[in-house]
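Work through the exercises below with the coordinates open. Try each task before you read its solution.

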Amino acid sequence: MKTHSDTFTYLLTNNTRDLGTLSSPIYNINYLQKKNNYTKITCYIDNLQAMLLTLSDITNLIYLESNLNQINSYSSKTKATSNILCVINRNIQEHSSSGYVDSAVSYQAPTTPIEIGSLPDTISLKLVKANGNSVDMDTGGNIFSVKLRFVCEYEVQCGC
């Protein structure tokens, strides 16, 4: 047996969602030439960017939560597998003259594996605060974009 892999890459932004809201977007996922015999599926976050303009509170830690449950993970919050893909630290810039807070978050970890059990037909994403409340993406010019890569391994009979 020889191991091969398929790679699927998706750029998802909360303002180009298929369903849901800006704060809780849902995306319908189409896999071209998807196989049914994957033995291992690994998700990577190649890039995550968020502009959190005019976000009113000063939350420093933000989590990217999804419907992708990680194999061999644990969440003390849910007492089950973790659905948090990454944790990001918010860079806050206060503009005292204009009376608002401006911030952006960035995350890049193209080599950090997140093993999942199966390829989802839909992906739901949302930014959440450490207390579990969703980050309000519906107000101001708040937007996020994430590039996900799925590497799906499968076995092929060797003709040797």
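Contact here means heavy atoms within 4.5 Å. The model is predicted, so local features need pLDDT of at least 70, side-chain atom pairs count only at pLDDT 80 or more, and totals for chains, interfaces and linings use all residues. Residues are numbered from 1 along each chain as its sequence is written, and side-chain values use heavy atoms, with hydrogens and water left out.

**Exercise 1. Overall make-up**

Task: State how many helices and strands the protein has, and what share of its contacts between residues at least 6 apart in sequence joins residues at least 24 apart.

Solution.
Step 1. Assign elements from DSSP runs, numbered from the N terminus: helices are H or I with at least four residues, strands are E with at least two. The result is 0 helices and 10 strands.
Step 2. Take the contacts between residues at least 6 apart in sequence. Of these, 76% join residues at least 24 apart.
Step 3. Classify burial: buried is under 20% relative accessible area, exposed is over 50%, and partly exposed lies in between (1.4 Å probe, protein chains only). Buried residues account for 39% of the 160 residues.
Step 4. Compute the accessible surface by the Shrake-Rupley method with a 1.4 Å probe; for residues, only the protein chains shown count as cover. The protein total is about 8,800 Å², and carbon and sulfur atoms hold 47% of that.

**Exercise 2. An open sheet**

Task: Give the strand order of the open sheet of 5 strands. Then find which strands stand at the edges.

Solution.
Step 1. Two strands pair if DSSP finds at least two bridges between them. Strands of a sheet pair through backbone hydrogen bonds, either parallel or antiparallel.
Step 2. The order is β2-β3-β9-β5-β6, with antiparallel pairing.
Step 3. β2 and β6 are the edges: each has a single partner strand, so one side of each has no neighbour in the sheet.
Step 4. Check the pairings of β9. It shares 3 bridges with β3 and 5 bridges with β5.
Step 5. Check the register. Tyr-27 stands opposite Ile-123 in β9. Ser-66 has Leu-125 in β9 as its bridge partner, and Ile-62 has Lys-129.

**Exercise 3. The nonpolar core**

Task: Name the residues of the largest nonpolar core that touch the most other members, and the strand that gives the most to this core.

Solution.
Step 1. Build the core from buried Ala, Val, Leu, Ile, Met, Phe, Trp, Tyr and Cys residues joined through side-chain atoms within 4.5 Å.
Step 2. The largest core has 36 residues; Leu-12, Ile-45, Leu-48, Leu-64, Leu-125, Leu-127 and Phe-150 touch the most other members.
Step 3. Elements giving two or more residues to this core include β1 (2-13), β4 (40-51) and β10 (143-156). β10 gives the most, with 6 residues.
Step 4. Inspect Ile-45. Beyond its neighbours within four places in sequence, its contacts include Leu-64, Leu-85, Cys-86, Tyr-107 and Val-146.

**Exercise 4. Cysteines**

Task: How many disulfides does the structure hold, and why is Cys-86 not bonded to Cys-43?

Solution.
Step 1. Apply the cut-off: a disulfide is a pair of cysteine sulfur atoms within 2.5 Å. The count is 0.
Step 2. Cys-43 is in no disulfide, and its nearest cysteine sulfur, in Cys-152, is 9.6 Å away. Cys-43 is buried at 0% relative accessibility.
Step 3. The sulfur of Cys-86 lies 9.9 Å from the closest cysteine sulfur, that of Cys-43, which is too far for a bond. Cys-86 sits in β6 and is buried at 5%.
Step 4. Among the contacts of Cys-86 beyond four places in sequence are Ile-45, Leu-48 and Ile-62.

**Exercise 5. Two polar residues in loops**

Task: Are Asn-14 and Ser-23 buried or exposed? Find the polar partners of each side chain.

Solution.
Step 1. A polar contact is a pair of N or O atoms within 3.5 Å; within protein, one must be able to donate a hydrogen and the other to accept it, and residues adjacent in sequence count only if both atoms are side-chain atoms.
Step 2. Asn-14 lies in the loop between β1 and β2. Its relative accessible area is 0%, so Asn-14 is buried.
Step 3. A polar side-chain atom of Asn-14 is 3.0 Å from the backbone oxygen of Leu-22.
Step 4. Ser-23 lies in the loop between β2 and β3. At 8%, Ser-23 is buried.
Step 5. A polar side-chain atom of Ser-23 is 2.8 Å from the backbone nitrogen of Met-137. The Ser-23 side chain also makes a polar contact with the side chain of Asp-138, at 3.0 Å.
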